[in-house]
Every structure is written in C-alpha cells, then in structure tokens.
Amino acid sequence: MEKKADIAVIGLAVMGQNLILNMNDHGYTVVAFNRTVSKVDDFLKNAAKGTNVIGAHSIEEMVSLLKVPRKVMLMVKAGDPVDAEIQKLLKYLSPGDCIIDGGNSHFTDTIRRTKYLEENGILYIGAGVSGGEEGARRGPSIMPGGNEKAWPLVKDIFKAISAKTPDGVPCCDWVGSDGAGHYVKMAHNAIEYGDIQVICEAYHLMKLGLGLSADQMHQIFAEWNTTELNSYLIEITRDILAYKDDDGEPLVEKILDKAGQKGTGKWFIVNSLDLGIPVTLISESVYARCLSALKEERIKASEVLKGPVTHFKGDAKGLVEDIRKALLASKIISYTQGFMCLHEAAKEYGWDLDYGNIALLWRNGCIIRSAFLDKIKNAYEKNPKLSNLLLDDYFREVIDDCQASWRKVIMTAVELGIPMPSFSSALAFFDGYRCAKLPVNLLQAMRDYFGAHTYKRIDAPADQVFHTNWTGRGGDVASGTYTV
Ligand code: 6PG
C-alpha cells in the first residue's frame with residue numbers, strides 16, 4: 001500500500017520549503033504542492049533530494065496522499081491567495097479535516113475564515129510563524145489560533161519543529177480562538193519594528209553625534225549583547241557593522257536609506273486606534289520608514305533646511321553607556337505598549353490570552369527573540385493580573401536606573417539635531433503615563449467652548465456632564481456625547 005503522508009504544505013517559497021524540510025527532519029512525511037507545479041519537481045530534485053518528501057502535481061493528488069483527518073498547511077501570500085486556496089481545497093477535503101494558514105494574514109481575515117470553514121465542517125488554524133528562513137528550517141516560533149478542535153491534530157508536529165527556550169520548552173502553544181494567533185504575530189511584528197527602529201536611532205546618534213566608525217560600533221553592540229539587551233537583533237546589528245564590502249569598506253554604509261514594509265506594523269497601528277491604545281513608539285517606527293521613503297524630498301530639504309552642528313563635545317564613553325540605558329528604557333516602553341494592545345484586544349475580541357506564555361513563544365526562534373522576554377514572562381508569572389508591564393517591580397527598577405540617561409540622550413539628540421523619534425516618543429509616553437493630571441482639562445474646556453461638547457467635573461459624580469455658556473452669547477444646548 002502506498003505510504004500516506006502526515007501533512008501537506010502548499011506554497012514552495014522560502015518559508016514553505018524550509019518548514020517542509022524541518023518537518024521531514026523530525027520524522028514526518030510531508031506532501032509538497034505548489035500552484036506553479038514545476039516548482040514541486042525542482043524542489044524534489046534539489047533541496048528535498050534524498051528526503052521522504054512526496055511531491056503532488058494537483059490538489060486532488062495531494063489530498064489523496066494524506067492520512068485522515070487531513071492536515072493542509074498554506075504557506076502562500078496573505079490576502080486573496082489564501083481564500084483562493086481554501087476554495088480549491090474545499091472541493092476535496094472532508095468534514096473534520098484541517099487547514100492551517102502559516103502566512104502573515106490579517107487577524108480579521110482569520111476570524112472570518114475560521115467561522116466560514118467551521119460552517120463547512122473544516123477545522124481552521126491561523127498560525128503566526130516567525131524566524132525567517134533560518135527559523136523555518138531549524139525551529140521557528142509558532143503562534144497558532146483558530147478552531148481549538150484542530151489543535152490536537154497538529155500539536156505534536158508544530159511543537160516538534162518549533163524553536164525551544166533555553167530550558168527546552170517549545171516556542172509554540174495554542175494562543176486562542178479564531179484570529180488570536182495571527183493577532184499575536186502582528187503584535188510580534190509591530191514590536192519587531194520598534195526594536196529595529198530604536199537600534200537604528202542609537203546607531204545614528206553614535207555615528208553622527210560621536211563620529212564612531214562601523215568597527216567601533218561593532219565593538220559596542222558586541223558589548224551590549226552581553227547585557228540585558230542580549231537579543232537576536234542586537235547580535236545581527238553587531239555582525240552587520242563588521243561586514244565589509246569587496247573594497248574592504250563597511251557594506252552597511254553603502255545601503256540606500258529607504259525602507260519598505262509589508263503591512264503588519266501599519267495594521268497594528270490602525271488596530272491600536274480602533275482599540276484606543278497609544279502605541280506611540282511603534283507608530284513612530286512605522287512612520288520613520290515612511291519618512292525614509294521620501295528620499296528625494298529629504299535630499300532637497302537637506303540643502304536648504306539648516307540645523308545645529310551635529311558633533312557632541314563631552315564624555316563620549318559616558319554617552320555610549322547613556323545610549324545603552326536609553327535604548328533599554330525605550331525597549332521596555334515598546335513592549336509595554338505592545339502588551340497593552342494585547343490586553344485590550346483580548347477584551348475586544350473575546351480571547352483568553354496568557355501573556356506570560358506569549359512572552360515564552362517569542363523567547364526563541366523569532367525575530368524579537370531575547371533574554372528580555374524572560375523578564376516579561378516572570379512579571380506575568382508573579383502577577384497574572386498585571387495590568388501594565390511598567391508596574392512590575394523589575395521593569396520599574398530598570399526604568400528608575402535608566403531614566404537620567406534616557407533624558408540626557410534625548411536632550412543631546414535634540415541639541416545636535418539628530419532625529420530620535422522612537423526614543424523621544426517613548427519618554428513622552430512614560431511621562432504622560434505617570435502623570436495623574438494631564439492638561440486635558442483645558443482641551444475639554446476648548447471643546448465645550450467652541451462645540452458645546454460638554455465636560456465632566458472633578459467635584460461632581462462621574463456620570464454627570466456639564467456645559468458652560470463660555471461667552472454669554474451661546475445657547476444652553478449641549479451636543480450629544482459619544483466616543484468613536
Ligand atoms: C518574522 C518576520 C516576518 C515579517 C517581516 C516584516 O517574524 O519572521 O516578522 O514575518 O514579514 O520581518 O516585514 P517588513 O519589515 O517588510 O514589514
């Protein structure tokens with residue numbers, strides 16, 4: 001009898017191919033399929049040569065090769081291609097079979113698809129998969145959510161192929177219903193945007209303000225990687241700074257300063273506005289890419305818009321240590337804001353998220369993997385009801401220790417005219433969050449003055465609203481109150 005496979009993967013781009021090879025390494029038999037069928041043969045002749053991977057040349061054939069209940073993982077581009085593949089699969093799958101979307105899908109699409117497929121008797125999982133090519137091959141972080149009945153079907157495979165924490169715990173666990181897995185992946189990517197941007201701002205200040213060379217900064221990042229900042233992104237920054245082009249010059253300095261994005265950071269900001277959560281550092285990180293994309297305009301502006309001289313005169317070594325501390329403090333704000341969104345999303349979409357466990361999923365395998373995530377896990381373990389990371393003792397103490405440096409770095413950057421939008425917005429958030437009274441009393445007064453939008457008083461019951469006829473000329477009719 002022909003051997004039946006454990007799982008099928010559709011989509012043989014980088015992530016799909018590497019996940020298949022990873023599953024094969026762990027003893028699973030995988031059927032590989034791709035819309036452009038010639039890619040299947042190429043894969044079998046090259047990367048999958050000598051493995052147990054089976055090639056299929058049609059969806060019908062692929063489905064016929066699977067053990068029941070069938071498990072089919074989609075590794076295709078997010079958006080319409082996912083819906084198109086689902087429609088094709090529905091012709092051949094039977095009730096109880098399972099489809100997993102391992103791409104960067106928008107969580108609202110995953111909510112819709114989970115419901116639609118449930119109505120068709122098919123179990124659906126939207127799984128965030130992080131770690132790039134290397135992660136997919138050697139162990140990614142996997143964030144599955146969707147129809148919970150599907151979890152036992154794929155749990156063993158996913159846990160086996162995932163990255164493990166230093167204690168050997170798989171960086172893969174069930175996240176929650178419908179779109180929860182893809183939401184957590186979107187939050188991961190948003191934090192990734194923040195982590196990348198704060199590193200770039202630190203580099204910019206050291207390069208322009210202190211005039212440090214790539215080699216000198218390589219040493220600094222190597223040192224920072226032995227501190228609380230120890231992480232994959234600091235590690236690759238260290239290595240990038242040491243990398244030389246063919247002429248012996250640092251390659252990084254020859255790379256065009258214009259960044260693109262694939263959308264997950266933008267989705268997160270849009271969602272944060274829907275939820276009313278101020279993810280200011282992450283927003284600045286996304287906008288920093290938008291500003292970078294205006295390269296031609298920036299070149300013209302640089303010729304006419306003058307700023308201060310950008311060289312720091314003072315204790316350079318001391319400033320480097322201040323930058324390290326400011327980076328750590330800003331990073332704490334980034335994760336704080338990311339987790340604030342997770343808390344609010346859980347309420348809004350009815351997910352029972354385990355925040356400590358989410359930190360554990362990101363501990364290894366993914367792009368934001370770092371020692372720092374242990375501290376987040378500990379914070380939620382100590383207090384599962386922790387409302388905000390900044391209120392945890394460890395993070396409060398680190399911020400206390402870093403605060404003076406954080407302020408000094410931002411003041412220096414302002415004086416030198418070097419943009420540090422994510423560092424600065426992080427500090428502004430911190431100062432706003434710890435402010436028991438904001439100047440919004442005046443804002444409310446203005447809204448009531450020009451639009452009769454009403455206000456509440458500190459000396460009256462919370463449900464009572466007031467309107468003042470500020471000029472004596474307006475009427476006494478107040479506008480209705482509502483919040484978008
Ligand atoms: C990962 C990454 C990956 C993501 C990009 C973001 O976790 O492996 O997050 O999934 O697509 O890194 O890409 P952009 O920077 O192009 O938006």
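These legends describe several close-up views of a predicted model.

**View 1. The shell around the ligand.**
The ligand has 13 residues around it, and Ser130, Lys185, Asn189, Glu192 and Tyr193 come nearest. By type, the shell holds two nonpolar, seven polar and four charged residues. Which helix gives the most to this shell? Helix 8, residues 180-209, does, with five residues.

**View 2. Polar atoms beside the ligand.**
Three residues are shown here, each with a polar atom beside an oxygen atom of the ligand. For Ser130, a polar side-chain atom lies 2.4 Å from a ligand oxygen. For Glu192, an N or O atom of the side chain is 2.6 Å from an oxygen atom of the ligand. Gly131 takes part through its backbone: a polar atom there is 3.0 Å from an oxygen atom of the ligand. How much of the ligand's accessible area does the protein cover? On its own the ligand has 420 Å² of accessible area, and the protein covers 81% of that.

**View 3. Helix 11 from end to end.**
Helix 11 runs over residues 264-275, twelve residues in total. At 1.5 Å a residue, the helix should span 16 Å. Its end C-alpha atoms are 16 Å apart, so the model agrees with that expected span.

**View 4. The two sides of helix 11.**
Which residues of helix 11 are buried? They are Thr264, Gly265, Phe268, Ile269, Asn271, Ser272 and Leu275. These buried residues cover an arc of only 165° around the axis, so they sit on the same side of helix 11. Leu273 and Asp274 are on the other side of the helix, and both are exposed.

**View 5. Gln337 and the backbone of Leu281.**
Gln337 belongs to helix 14, which covers residues 316-349. Is Gln337 buried or exposed? Its relative accessible area is 0%, so Gln337 is buried. The Gln337 side chain reaches the backbone nitrogen of Leu281, at a distance of 2.9 Å.

**View 6. The loop between helix 3 and strand 4.**
This loop joins helix 3 (59-64) to strand 4 (71-74), and Arg70 is found in it. Pro69 is found in this loop too. The peptide bond from Val68 to Pro69 is cis, with omega near -5°. Most peptide bonds are trans. Arg70 has a relative accessible area of 15%, so this residue counts as buried; the cut-off for buried is under 20%. Arg70 and Asp42 are 28 residues apart along the chain, and their C-alpha atoms are separated by 25 Å.

**View 7. Two residues with a positive phi.**
Most residues other than glycine have a negative phi. Asp178 is not a glycine, yet its phi is positive, at about 30°. Where is Asp178 found? It is in the loop between strand 8 (176-177) and helix 8. Ala452 also has a positive phi, of about 50°, although it is not a glycine. Ala452 lies in the segment after helix 19, which covers residues 440-451. At 13% relative accessibility, Ala452 counts as buried.

**View 8. Helix 9 and the loop after it.**
Ala222 has its place in helix 9. Thr227 lies in the loop between helix 9 (214-224) and helix 10 (232-242). Ala222 has 25% relative accessibility, so it counts as partly exposed. Thr227 is partly exposed, with a relative accessible area of 25%. Each residue is shown with a partner from elsewhere in the chain. For Ala222 the partner is Thr165, 57 residues apart along the chain, with 22 Å between the C-alpha atoms. For Thr227 the partner is Glu148, 79 residues apart along the chain, and the C-alpha atoms are separated by 39 Å.

**View 9. Ala187 in helix 8.**
Ala187 lies in helix 8, which gives five residues to the shell around the ligand. Is Ala187 buried or exposed? Its relative accessible area is 0%, so Ala187 is buried. Ile161 is 26 residues apart from Ala187 in sequence. In space the two are 22 Å apart, C-alpha to C-alpha.

How values were computed: Residues numbered from 1 in each chain as written. Predicted model: local features only at pLDDT ≥ 70, side-chain atom pairs only at ≥ 80, totals over all residues. Heavy atoms only, no water. Near = heavy atom within 4 Å. Polar contact = N/O pair within 3.5 Å; in protein donor to acceptor, adjacent residues only side chain to side chain. Areas by Shrake-Rupley, 256 points an atom, 1.4 Å probe, with all protein chains shown as cover. Helix = DSSP H or I, 4+ residues; strand = E, 2+ residues; numbered from the N terminus. Nonpolar A, V, L, I, M, F, W, Y, C, P; charged D, E, K, R; others polar. Expected span 1.5 Å × (residues − 1). Buried < 20%, exposed > 50% of the residue type's maximum accessible area, 1.4 Å probe, protein only. Arc of directions from axis to C-beta.
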